[in-house]
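Dear colleague,

Please find below the structure that I am handing over to you. My notes on it follow directly after.

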Amino acid sequence: MKWNELPLDKKLYLFELDDVLYPKQDFLLQIYYLFGQFVEFNEGESLASSLTEFMKNILLEKGEDAVFEEVRKHFSFKEDYAENFERLQVNGHLPLKLLLYNEIKLLFASLIEQGKTIAVLTAGNPALQLNKLKHIDWQGLDKGIRVYFSDELLFRNIDPIPYIAYENGVIPKDILYLKEKITKL
């Protein structure tokens, strides 16, 4: 969605997390770095930087879902590294903060100034998404923001949008759900 196409008559602005608030690749590359350090420590070989670079290249060429399997094959890792890789994503402490897109910072500041409600509705493993959220450099823009996990709500047979509307005292048509990056004009 383009910046100038955003309707400003809504009461609640709901945002997806990955590639909407911040570039997901920033999170993944830091996880790859941490995984490279972990493997280097366990294997006793200096391979963190080559492993991290390999993972980055696979991400860019084949996508996130192909990364671990390609790494496992290329470096002949045991399958038990998969558990460590997943654990790092959910619990890993990132070396750098995740930065909000500039457009999001401007939009949040504008919405807050107008007294609008801002919330996050994110899909995926709630523990993983929560780890990402806690590493974002919000610069104070997170005050009062509620976070909802669609997978958790759907697991409980709760339709997310009506539930969030009820929780925030609005009707569903008063919600704008942004699931893609906001671009400039």
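**The sheet and its pairings**

In strand 5, the bridge partner of alanine 119 is arginine 146. Please bear in mind throughout that this is a predicted model. The pair belongs to the junction of strand 3 (residues 117–122) with strand 5, where 4 bridges join the two strands in parallel. Along the same junction, valine 120 stands opposite valine 147 of strand 5.

The sheet to which these strands belong is open and has 4 strands, in the order 5-3-1-6, with parallel pairing. Its edges are strand 5 (146–149) and strand 6 (175–178), each of which pairs on one side only. On average, and with direction ignored, neighbouring strands are turned by 25 degrees against each other. As a general point, strands of a sheet pair through backbone hydrogen bonds, in either a parallel or an antiparallel manner.

Strand 1 (residues 12–15) is joined to strand 3 by 4 bridges, and the two run parallel. Two residue pairs may help you to locate this junction. Tyrosine 13 has isoleucine 118 of strand 3 as its bridge partner, and phenylalanine 15 stands opposite valine 120 in strand 3. Valine 120 thus appears in two pairings, facing phenylalanine 15 and valine 147. Strand 1 is also joined to strand 6 by 4 bridges, again in parallel; here the bridge partner of leucine 14 is tyrosine 177.

**Burial in strands 1 and 3**

Which residues cover the two faces of strand 1? Leu12 and Leu14 lie on one side and Tyr13 and Phe15 on the other, and all of them are buried. In general, side chains in a regular strand alternate between the two faces of the sheet.

Strand 3 is mostly covered as well, with 5 of its 6 residues buried. Isoleucine 118 is located in this strand. Its relative accessibility is 5%, and because buried means under 20%, isoleucine 118 counts as buried. Leaving aside neighbours within four places in sequence, isoleucine 118 is in contact with Tyr13, Phe15, Phe108, Leu111, Ile112, Gly144, Ile145 and Arg146. Among these, Phe15 is separated from isoleucine 118 by 103 residues in sequence, yet the C-alpha to C-alpha separation in space is 7.8 Å.

**Helix 6 and its surroundings**

Helix 6 lies across strand 3 and strand 5, and runs at about 150 degrees to strand 5. Helix 6 (residues 126–134) also packs with helix 4 (residues 81–91), at an angle of about 50 degrees and with the axes 7 Å apart. Helix 4 and helix 6 are therefore oblique to each other. On the side of helix 4, the contact is made by Leu88, Gln89, Val90 and Asn91, and on the side of helix 6 by Ala127, Leu128 and Asn131. These contact residues divide into 4 nonpolar and 3 polar, with no charged residue.

Is lysine 132, a residue of helix 6, buried or exposed? Lysine 132 has a relative accessible area of 2% and is buried. The side chains of lysine 132 and glutamine 129 are joined by a polar contact of 2.8 Å. If residues up to four places away in sequence are not counted, lysine 132 touches Leu17, Asp18, Tyr22, Lys24, Phe27 and Leu98.

**Two residues with positive phi**

Two loop residues deserve a mention for their backbone angles. Aspartate 19 has a positive phi of about 60 degrees, although it is not a glycine. Aspartate 19 is found in the loop between strand 1 and helix 1 (24–43). With a relative accessible area of 38%, aspartate 19 is partly exposed.

Asparagine 157 likewise has a positive phi near 60 degrees and is a residue other than glycine. The loop that holds asparagine 157 connects helix 7 (150–155) and helix 8 (160–167). Where aspartate 19 is partly exposed, asparagine 157 counts as exposed, at 73% relative accessibility.

With kind regards

Note on methods
Residues are numbered from 1 along each chain as its sequence is written. This is a predicted model: local features need pLDDT of at least 70, side-chain atom pairs count only at pLDDT 80 or more; totals for chains, interfaces and linings use all residues. Side-chain values use heavy atoms; hydrogens and water are left out. Axes are lines fitted to C-alpha atoms, for helices over the stretch in contact, and angles run from 0 to 180 degrees between N-to-C directions. Angles under 35 degrees count as roughly parallel, over 145 as roughly antiparallel, 65 to 115 as roughly perpendicular and the rest as oblique. Contact means heavy atoms within 4.5 Å. Ala, Val, Leu, Ile, Met, Phe, Trp, Tyr, Cys and Pro count as nonpolar, Asp, Glu, Lys and Arg as charged, and the others, Gly among them, as polar. Two strands pair if DSSP finds at least two bridges between them. Buried means under 20% relative accessible area, exposed over 50%, partly exposed in between (1.4 Å probe, protein chains only). A polar contact is a pair of N or O atoms within 3.5 Å; within protein, one must be able to donate a hydrogen and the other to accept it, and residues adjacent in sequence count only if both atoms are side-chain atoms.
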